[in-house]
Amino acid sequence: MDPSVSFATHSDLEDRWHKLLPEEQAQADILLEDASEIIRNRVRPYPETHDPAWWLAHERGLELVCCQMVRTAMEAQVSGGQTGVTQSTETTGPFSSTYSWLSPDGYLRFTDDMLRNLGLSGQRMWSIDMAEGSHHGAC
């Protein structure tokens, strides 16, 4: 796992979304690097990620999650519309309208669904030997 390598390129993002303008490509490249770092930090506590084989086996999933994070952030930054709305209530007459965006501030988000895409979700059992302080089981 090379910490300087992004899990996806702007071409990967374009394949999943739309053709990016040159300035969008530059922004996407930076955000993809940032998203890759967020992913690395989020999955680091899981013991299986300490094996280089895990990273090879999950290359496509890492690319997918990285692109999802960046697309959501970029849509929120430029859309100003309802892209990425997770909850919506319309107003008619005395009724109110409420929207809740997946990434309202345009920040990169790593969700529990993304963790599941990488096979790292669910409950885990472990114990700590109180005499030795050693760790046993999955974290």
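A residue counts as buried when its relative accessible area is under 20%, as exposed when that area is over 50%, and as partly exposed in between. By this definition C67, with a relative accessible area of 2%, is buried. The legends below describe close-up views of a predicted model.

**Figure 1. Overall fold of the predicted chain.** Five helices and four strands make up the secondary structure. Along the sequence these elements follow the order α-α-α-α-β-β-α-β-β. Of the 139 residues in the chain, 29% are buried. Among contacts with a separation of 6 or more, 62% join residues that lie 24 or more positions apart. The chain exposes about 8,800 Å², and 54% of this area is supplied by carbon and sulfur atoms.

**Figure 2. Helix α2 and its buried residues.** Helix α2 has 22 residues and should span 32 Å at 1.5 Å a residue; the computed distance between its end C-alpha atoms is 31 Å, which agrees with that expectation. The buried residues of α2 are E24, Q25, A28, L31, L32, A35, S36, I39, R40 and V43. Several of these positions reappear in the views that follow: I39 and V43 in the nonpolar core, and S36 in a separate close-up of its contacts.

**Figure 3. The largest nonpolar core.** This core comprises 27 residues, and those with the most contacts inside it are I39, V43, M69, V70, F110 and L118. Helices α2, α3 (52–57), α4 (59–78) and α5 each supply at least two of its residues. The greatest contribution is that of α4, with eight residues. The surroundings of M69 illustrate the packing: apart from neighbours within four places in sequence, M69 is in contact with A35, I38, I39, L108, R109, F110 and M114. Two of these partners, I39 and F110, are themselves listed with M69 among the core residues with the most contacts.

**Figure 4. Surroundings of S36 in helix α2.** S36 is a residue of helix α2. Its relative accessibility is 0%, so S36 counts as buried. When neighbours within four places in sequence are set aside, the contacts of S36 are V5, S6, F7 and C66. C66, one of these partners, likewise has a relative accessibility of 0% and is therefore buried.

**Figure 5. The cysteines C66 and C67.** A disulfide is a covalent bond between the sulfur atoms of two cysteines. The structure contains zero disulfides under the distance rule applied. C66 takes part in none, and the nearest cysteine sulfur, that of C67, lies 6.0 Å away. Seen from the other residue, the cysteine sulfur closest to that of C67 belongs to C66, and 6.0 Å is too far for a bond. For comparison, the cut-off for a disulfide is a pair of sulfur atoms within 2.5 Å. Both residues are nevertheless buried: C66 has a relative accessibility of 0%, and C67 has a relative accessible area of 2%.

**Figure 6. The salt bridge between K19 and E14.** Six salt bridges are found in a search of the whole structure, and one of them pairs K19 with E14, with the closest N and O atoms 3.8 Å apart. The two partners differ in their exposure. K19 is exposed, at a relative accessible area of 63%, whereas E14 is buried, at 15% relative accessibility.

**Figure 7. The salt bridge between R42 and D112.** The closest N and O atoms of R42 and D112 are 3.6 Å apart in this salt bridge. The pair connects distant parts of the chain, with R42 in helix α2 (residues 22–43) and D112 in helix α5 (residues 112–117), 70 residues apart. R42 is partly exposed, with a relative accessible area of 32%, and D112 is also partly exposed, at 46% relative accessibility.

**Figure 8. The salt bridge between R116 and D113 within helix α5.** The side chains of R116 and D113 meet in a salt bridge with an N to O distance of 2.3 Å. An α-helix has 3.6 residues a turn, so residues three or four places apart point the same way. R116 and D113 are three residues apart in helix α5, which means that about one helical turn separates them. Both partners are partly exposed: R116 has a relative accessible area of 47%, and D113 has a relative accessibility of 45%.

**Figure 9. S134 in the loop between β3 and β4.** S134 is located in the loop that lies between β3 (126–128) and β4 (135–137). At 23% relative accessibility, S134 counts as partly exposed. Beyond neighbours within four places in sequence, S134 is in contact with S127, I128 and D129.

Methods: Residues numbered from 1 in each chain as written. Predicted model: local features only at pLDDT ≥ 70, side-chain atom pairs only at ≥ 80, totals over all residues. Heavy atoms only, no water. Salt bridge = Lys/Arg side-chain N within 4 Å of Asp/Glu carboxyl O. Buried < 20%, exposed > 50% of the residue type's maximum accessible area, 1.4 Å probe, protein only. Core = buried A, V, L, I, M, F, W, Y, C linked by side-chain atoms within 4.5 Å. Contact = heavy atoms within 4.5 Å. Areas by Shrake-Rupley, 256 points an atom, 1.4 Å probe, with all protein chains shown as cover. Expected span 1.5 Å × (residues − 1).
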